[in-house]
Amino acid sequence: MHKCVQDLEVFDLKSMRIWGGRPLDGTVNIQGSKNAALPIMAAAVLHKGMTVLHHCPKIADVLFMEKILIQLGAKVCWKGSSLYLDCSSLENTNIPDQYARKMRCSIILLGALLGRFGKGAIAPPGGCVIGKRPVDLHISMLEALGTRIEEKQGLLEAHTAGLQGGMVSFEKQSVGATEHAMIAAVLAQGVTCLKNCAKEPEIVWLAKFLNGMGASVTGAGTEEIQIRGVSVLKDSEFEIPPDRIVAGTYLCAAAITRGKICLENPPVLELSAFLGIYGKMGGQYDMVGGKLIADASGANGAVGLVETEVYPGFSTDLQSPVMAVLSLARGKSHIRENIFEDRFRVAEDLVRMGAHIRINGRDAYIDGTQKLQGRRVNAQELRGGAALILAGLAAEGETCVENFSLVERGYEQIQEDIRSMGGKASIEEG
Ligand code: UD1
């Protein structure tokens, strides 16, 4: 058995130094998906037994979720990249404050605890600072399934005499609320019908996982999902799919440096909206033997208007990396952010590096420049931090991205991946 990860700490004072200015050239294997792994880990709580997740990324958010599960009473161990979650003796239903506040996705645990124990409590969750990010859809969904929720001393306390299947029509499409509802409905009495669901691939992966553990979920990937409640679940194993956002980030790294890279294990279909934008920039790619061979030596074009949208549209998570690339494109581009209202924080640091970007509410206007200059910059959130690393890879001289721990929330070993693609970067622990 490998060492349990409860012993690992996430450092707060890390920064990444990047020596930019060379086209990337190399191969990288895409890690498991953060946004698939987190809700699946939460769903494992439903089952009084063992869940094994293969190809699970060892990123900070997964380690946070793991710590929460340990606090709840799960036994957790890693063997290589396989995560073993034994939830048979899990019995605590209070989600620890210090972790819940750091990770928004932790709210999803509430539905799993309610399904298994009829109660749960959590501090209002945190997460990346990219807008208001309320949890109203989560709360009203749980209430519709028969939960009473009260706010007591800063905690959301939830109780149910037994979750009841029902109809939930979401006011807006939310990835987290859809996943949360699917998890809560697994052990509920009767049938639950969810309408206006998000259609992101991670929802389809969650449904596959739940069905593998004995649940009955149909319709995932469409706007209407049905869950027929079951009373018994079983031990299961699941392979976490490759991370589409990490793959997109690395294609952006190729584009911003005009490099050529090879992605092993790429989730190509899930990237199609992004690949459309990459193609408009002038980037090319081929699929050869299951690998994506990207030639981004000509990816220097502006793209006009691009808008973030719910899946299958262009993902908001790739908006900042794309902004970094467009800041070095020839001509003018315009990004409209439709999902989160405060997701342009990275623009300020890109401008300090020499980019020409003007923000007006949900719109960012980018006038491509010929060069960026290495600077000391500050990651304010996960994907913005990744975008600064990309800018550093293309910039003249040395860039130092402070607050690198935020990038580690979602990227397993970005410094090694950069090195294996021929870039130069190192981590400093302050
Ligand atoms: C998930 C992803 C995140 C991605 C986002 C959108 C995970 C762990 N995170 O986040 O990487 O950027 O989807 O693709 O999977 N909203 C409400 N009320 C709610 C819930 C959400 O108004 O109760 C709003 C949000 O503020 C946002 C929109 O709905 O404007 C979409 O958010 P949502 O899809 O819920 O994002 P997350 O699940 O938090």
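**Exercise 1. The surroundings of the ligand**

Task: Determine which residues come nearest to the ligand in this predicted model, and describe the make-up of the shell around the ligand.

Solution.

Step 1. The ligand is surrounded by 17 residues, and those that come nearest are D136, S174, V175, D317 and I339.

Step 2. Sort the shell by class. Six of its residues are nonpolar, five are polar and six are charged.

Step 3. Assign the shell to helices. At least two shell residues are supplied by each of helix 5 (136-144) and helix 6 (175-185). Helix 5 gives the largest share, namely three residues.

Step 4. Assign the shell to domains. Domain 1 (15-30 + 242-428) and domain 2 (34-239) each contribute at least three residues to the shell around the ligand.

**Exercise 2. Polar atoms beside the ligand**

Task: State how far an oxygen atom of the ligand is from polar atoms of L137, S174 and D317, and how much of the ligand's accessible area the protein covers.

Solution.

Step 1. Begin with the backbone. A polar backbone atom of L137 is 2.8 Å from an oxygen atom of the ligand.

Step 2. Continue with the side chains. For S174, an N or O atom in the side chain is 2.6 Å from a ligand oxygen. For D317, a polar side-chain atom lies 2.6 Å from an oxygen atom of the ligand.

Step 3. Turn to coverage. On its own the ligand has 740 Å² of accessible area, of which the protein covers 89%.

**Exercise 3. The two domains**

Task: Give the domain bounds, the separation of the domain centres and the residues that take part in the contact.

Solution.

Step 1. According to the domain assignment, the protein chain holds domain 1 (15-30 + 242-428) and domain 2 (34-239).

Step 2. Taken over C-alpha atoms, the centres of domain 1 and domain 2 are 30 Å apart.

Step 3. In the contact, 24 residues come from domain 1 and 24 residues from domain 2.

**Exercise 4. Two threonines in strands**

Task: Decide whether T399 and T27 are buried or partly exposed, and list their contacts beyond four places in sequence.

Solution.

Step 1. Locate the residues. T399 belongs to strand 23 (residues 398-402), and T27 to strand 2 (residues 25-29).

Step 2. Apply the cut-off, under 20% relative accessible area for a buried residue. T399 counts as buried because its relative accessibility is 0%. T27, with a relative accessible area of 35%, is partly exposed.

Step 3. List the contacts. T399 is in contact with M16, R17, I18, M353, G374, R375, V377 and G392, leaving aside neighbours within four places in sequence. With residues up to four places away not counted, T27 touches C262, E264 and S420.

Step 4. Add a distance for T27. T27 and A296 are 269 residues apart along the chain, and their C-alpha atoms are separated by 14 Å.

**Exercise 5. Helix 4 and the residue after it**

Task: Find how many residues of helix 4 are buried, and describe the residue that follows this helix.

Solution.

Step 1. Helix 4 (residues 108-117) has 10 residues, nine of them buried, and is thus mostly covered.

Step 2. The buried residues are I108, L109, L110, G111, A112, L113, L114, G115 and R116.

Step 3. After helix 4 comes G118, which has a positive phi near 80°.

**Exercise 6. Loop residues and backbone angles**

Task: Characterise the backbone at P312, R258 and N265, and then describe the setting of N92.

Solution.

Step 1. Y311 and P312 are joined by a cis peptide bond with omega of about 10°. P312 is in the loop between strand 18 (304-307) and helix 10 (319-326).

Step 2. R258 is a residue other than glycine with a positive phi, near 55°. The loop between helix 8 (244-257) and strand 15 (260-264) holds R258, which is partly exposed at 22% relative accessibility.

Step 3. N265, although not a glycine, has a positive phi of about 70°. N265 sits in the loop between strand 15 and helix 9 (272-281) and is partly exposed, at 34% relative accessibility.

Step 4. N92 lies between strand 5 (82-86) and strand 6 (94-95), in a loop. With 31% relative accessibility, N92 is partly exposed.

Step 5. Beyond four places in sequence, N92 is in contact with Q71, L72 and L113. A polar atom of the N92 side chain lies 2.9 Å from the backbone nitrogen of N94.

Technical notes. Residues numbered from 1 in each chain as written. Heavy atoms only, no water. Near = heavy atom within 4 Å. Polar contact = N/O pair within 3.5 Å; in protein donor to acceptor, adjacent residues only side chain to side chain. Areas by Shrake-Rupley, 256 points an atom, 1.4 Å probe, with all protein chains shown as cover. Helix = DSSP H or I, 4+ residues; strand = E, 2+ residues; numbered from the N terminus. Nonpolar A, V, L, I, M, F, W, Y, C, P; charged D, E, K, R; others polar. Domains from an automatic or database assignment. Buried < 20%, exposed > 50% of the residue type's maximum accessible area, 1.4 Å probe, protein only. Contact = heavy atoms within 4.5 Å.
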